[in-house]
2 protein chains.
Amino acid sequence: MAKELKELTSRSKDYSQWYQDLVIKADLAENSAVRGCMVIKPYGFAIWEKMQRQLDDMFKETGHVNAYFPLFIPKSFLSREADHVEGFAKECAVVTHYRLKNAEDGSGVIVDPEAKLEEELVVRPTSETIIWSTYKNWIQSYRDLPILVNQWANVVRWEMRTRLFLRTTEFLWQEGHTAHATSEEAVAEAEKMIEVYARFAEDYMAMPVIKGVKSESERFAGAIDTYTIEALMQDGKALQSGTSHYLGQNFAKAFDVQFTDQNGNRDYVWATSWGVSTRLIGALIMTHSDDNGLVLPPKLAPYQVVIVPIYKNNEQLQQINEKVAGIVEKLKALSVSVKYDNADNKKPGWKFSEYELKGVPVRLAIGSRDLENNTIEVARRDTLTKETVSCDQVEIYIKDLLDEIQKNIYKKAFDYRTSQIREVNSYDEFKIEIEKGGFLLCHWDGTAETEAKIKEDTKATVRCIPFEGDKTPGKCMVTGKPSAQRVIFARAY
Amino acid sequence: MAKELKELTSRSKDYSQWYQDLVIKADLAENSAVRGCMVIKPYGFAIWEKMQRQLDDMFKETGHVNAYFPLFIPKSFLSREADHVEGFAKECAVVTHYRLKNAEDGSGVIVDPEAKLEEELVVRPTSETIIWSTYKNWIQSYRDLPILVNQWANVVRWEMRTRLFLRTTEFLWQEGHTAHATSEEAVAEAEKMIEVYARFAEDYMAMPVIKGVKSESERFAGAIDTYTIEALMQDGKALQSGTSHYLGQNFAKAFDVQFTDQNGNRDYVWATSWGVSTRLIGALIMTHSDDNGLVLPPKLAPYQVVIVPIYKNNEQLQQINEKVAGIVEKLKALSVSVKYDNADNKKPGWKFSEYELKGVPVRLAIGSRDLENNTIEVARRDTLTKETVSCDQVEIYIKDLLDEIQKNIYKKAFDYRTSQIREVNSYDEFKIEIEKGGFLLCHWDGTAETEAKIKEDTKATVRCIPFEGDKTPGKCMVTGKPSAQRVIFARAY
């Protein structure tokens, strides 16, 4: 691949094009032959696997188990819960037939009109309905509760405008669906899981998030309350990165799931659901990357270290290979993932720019002078700085450096976000400030009408009513009516 | 759950009902509200996760990476490869619309006739077509080869008669799809992967398999050759457990995927594909389990050891809890997975039968006399034998016992299979022997016509032409024509 093919549009020139270029050129994903569906390429999928493994461990530590429910949902199930059908039944893939046959004119295959389904099936946009129809058979008594189940799956929402990772017709996600004997326990579960998501975002993705509760109009269709983690991208737009829903008894009532409590009384079961998706890869890219390419946090990078040899002849390469073998072994012993790229058909300069583009956190380069001096060149992707260090105990140096990079990119993202949080006290000021992007802390009267007006005027929405921070009451910047606390407004992905 | 609810139909009375009972009562899976689709319950899914983790490690050790391709395939793609369309285009789920709307009479939602897709989409029954349409963009030169990609995914084949795990409309699987510069390399890859499957079946599932090549009529639709591993179930029927296909240039030609070789010549790319599915859970169940329930190999059991306390009062329970905590810690240090079930709402007898049903390899029981004597009761699920051993270094005893159980159930399955392999030399004899089940080694003239006649007469098919064993030529038992070697016939799932 020639150098110019790798060049990215700069963020300042066209942020949206920069993102698109980066996803394609770093080999993360591409559009497929099917409208709105992406192909996740091996390098992008390796990031997803790291995320999955870590999240799965965190779900299991908090007592959850995995299961698998059908891809298809009978059409009538979606209608059972009134809000849910409004939110999800509309833009979805509908299976109407179960057979193709050869066209009589030999032109290929056609849908066999005789193989029409009695009831159409919808490809799951989310699984509350099929899962609660199943839970009805699993739950009779309080002894069967709680049920703490998670599913890793693909889902389909027929999106009109799609963007790789951020909004695709098919995407991969996990969806937790839990059932409880009391409202309090369900609320505690929903809160626990938003905490798990926040911890994952901050500790692994190095992405600071604000936790809070959604306004009514941004709530999940069928939820009593939706908790969210909101991140700020480098263009000043918000990205909802994970949600956890307290569903009350809505789905239990829709599917008649009752249980007998310890006193012998019958009641409907209490529910939560919670999910994160491949959208997180989009969030990861937009939080840290720069005009040179991806910047990946060491904890989620497919490989943390790449080593490139610099040599003039085969003899030098052999010597470097030997030296590197020892370093690789020591790095692996410290659980550092490392790739040694001594492929002969690419020049070091090409490799440097390739691994920069792909966001490998640390690049090591070693040449014949290094061999003489027992040194190695260490380049950091996050700061783009280089230094030459001794090979003695370089593995410990690298291990510490990876921790340092993980912290540094978090701090950089945190400092950026801090600079983009502003209190705004009048609607006129709001209209000016929202054009600059960022999280705006404002008083709002809590009504859907006012939120709708603000969205219509400015495209901004309430991202969340934050759990933490200033809880002083005030007056709505639009209507002057009472406001319980400042909430966060932003334009969002 | 009362004891009688757990009782299984015996294998000798009705093997098929025994299987169905066992899958349901051991909480592995159940039928869903969607015809032919199953719900994989947490205990069943935990087995699948163990299988996945191990297979994924083996794929990565052999140089493969994971990726993800779309769920949907444009209808026209299936027609591109002539054999493939015959095999897969027929019984599949067809998406024709992308929107529902509220019915005017308020009765629920209906398909919006205005949201009809221009080209229908098929839910993938297998992904050769969508993947080779993608590879066209990935491959220009020999430098882009080989591509060694695997995908973990759900697939849908509209089956008329379904059985949990063995044949379901939707199932989970992995599908490897590789691209190579030479025919030899592709053949070697297909062979390597059938070896990986055989190693997984024998070393992890403790299930002996016969490796071989399929006859033309049992070949994958679109393959030049299909390699298979065939296992024998306890009812004498064969179960195809994994296949690996050498696809030649068929899909490269169908999707015009060419590359420039080292000499500058253009040629079509060579391909393989290979897969195993949740069907393996059915194979696992039917290979080892008995009239008391599941028997799981220690390497794939969700937990390898369960500990049940036997106590009269809370004081005794406290003492046992303390003792067990030390044993659990030592077992975990040896990477033995263990569950301590001290739930107070179930009696020990209930727990014993529950864990027997669920196939936990080793059950430990400890009571107040054991405390006095520093002993513990060890029960093996495979032999249903019990003995009392000292608690000193019991963890090492258990660790060794798990290895012994893994070996023992393999040996038991191997000995059973050996007893069921018979040479048959005439078609009259064949017709009698096939009624008894088992693998019959017979001479066959290699034609599809003769195979079809045998299938029509006896329901038996060529399971494979085995790689290993007697290669002496002979004469076909039906036509008397020359036969290159004996092949394996059986009735199959």
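The following exchange walks through a predicted model with chains A and B.

Colleague: What are the ground rules for numbering and for confidence?
Modeller: Residues count from 1 along each chain as its sequence is written, while chains are lettered from A and ligands numbered from 1 in the order in which they are written. In this predicted model, local features need pLDDT of at least 70, side-chain atom pairs count only at pLDDT 80 or more, and totals for chains, interfaces and linings use all residues.

Colleague: How many residues of chain A are in contact with chain B, and how do they divide by class?
Modeller: Contact means that C-beta atoms, placed from the backbone, lie within 7 Å. Chain A puts 53 residues against 53 of chain B. For classes, Ala, Val, Leu, Ile, Met, Phe, Trp, Tyr, Cys and Pro are nonpolar, Asp, Glu, Lys and Arg are charged, and the others, Gly among them, are polar. On the chain A side the split is 33 nonpolar, eleven polar and nine charged.

Colleague: Which residue of β5(B) is the bridge partner of Val94(A)?
Modeller: Strands here are DSSP runs of E, at least two residues, and helices are runs of H or I, at least four, numbered from the N terminus. Two strands pair if DSSP finds at least two bridges between them. Strand β5 (residues 94-97) of chain A runs antiparallel to β5 (residues 94-97) of chain B, with three bridges. Within that pairing, Val94(A) is matched with His97(B).

Colleague: Where does chain A divide into domains, and how far apart are the C-alpha centres of domain 1 and domain 2?
Modeller: The bounds come from an automatic or database domain assignment. Domain 1 of chain A takes 6-70 + 132-288, domain 2 takes 305-405 and domain 3 takes 422-490. Between the C-alpha centres of domain 1 and domain 2 of chain A the distance is 37 Å.

Colleague: Which strands are the edges of the eleven-stranded sheet in chain A?
Modeller: The sheet is open and its pairing is mixed. Its order is β3-β9-β10-β16-β13-β12-β11-β24-β27-β23-β22. Pairing on one side only marks the edge strands of chain A, β3 (65-66) and β22 (421-423).

Colleague: What is the bridge partner of Ala153(A) in β10(A)?
Modeller: Strands β9 (residues 147-156) and β10 (residues 170-180) of chain A are antiparallel and share ten bridges. Across them, Ala153(A) is paired with Trp173(A).

Colleague: Which helices pack on this sheet, and at what angles?
Modeller: Axes are lines fitted to C-alpha atoms, for helices over the stretch in contact, and angles run from 0 to 180 degrees between N-to-C directions. Helix α6 (residues 128-138) of chain A touches β9, β10 and β16 (270-277), making about 35° with β10(A). Helix α9 (residues 279-288) of chain A touches β10, β12 (225-232), β13 (238-248) and β16, and its angle with β13(A) is about 145°.

Colleague: Why is α10(A) called oblique to α13(A)?
Modeller: The axes of α10 (residues 314-333) and α13 (residues 394-419) of chain A come within 9 Å and cross at roughly 50°. Under 35 degrees counts as roughly parallel, over 145 as roughly antiparallel, 65 to 115 as roughly perpendicular, and the rest as oblique. So α10(A) to α13(A) is oblique.

Colleague: Is that crossing of α10(A) and α13(A) left-handed or right-handed, and which residues meet?
Modeller: A crossing is left-handed if the near helix is turned anticlockwise from the far one by less than a right angle, and right-handed if clockwise. That of α10(A) and α13(A) is right-handed. Ile327(A), Lys330(A) and Leu331(A) of α10(A) meet Val394(A), Glu395(A) and Ile398(A) of α13(A).

Colleague: What is the order of the five-stranded sheet in chain B, and which residue is the bridge partner of Thr375(B)?
Modeller: That open, mixed sheet runs β18-β17-β19-β20-β21, with edge strands β18 (338-340) and β21 (386-390) of chain B. Its neighbouring strands are turned by 25° on average, direction ignored. Strand β20 (residues 375-380) of chain B pairs antiparallel with β21(B) over five bridges. There, Thr375(B) is matched with Ser390(B).

Colleague: Which peptide bond in chain A is cis, and where is its proline?
Modeller: Omega is about -5° for the cis bond joining Leu145(A) and Pro146(A). Pro146(A) sits in the loop between α6 and β9 of chain A.

Colleague: Which non-glycine residue in the loop between β9 and β10 of chain A has a positive phi?
Modeller: Most residues other than glycine have a negative phi. In the loop between β9 and β10 of chain A lies Phe165(A). A positive phi of about 70° belongs to Phe165(A).

Technical notes
Two residues are in contact if their C-beta atoms, placed from the backbone, lie within 7 Å.
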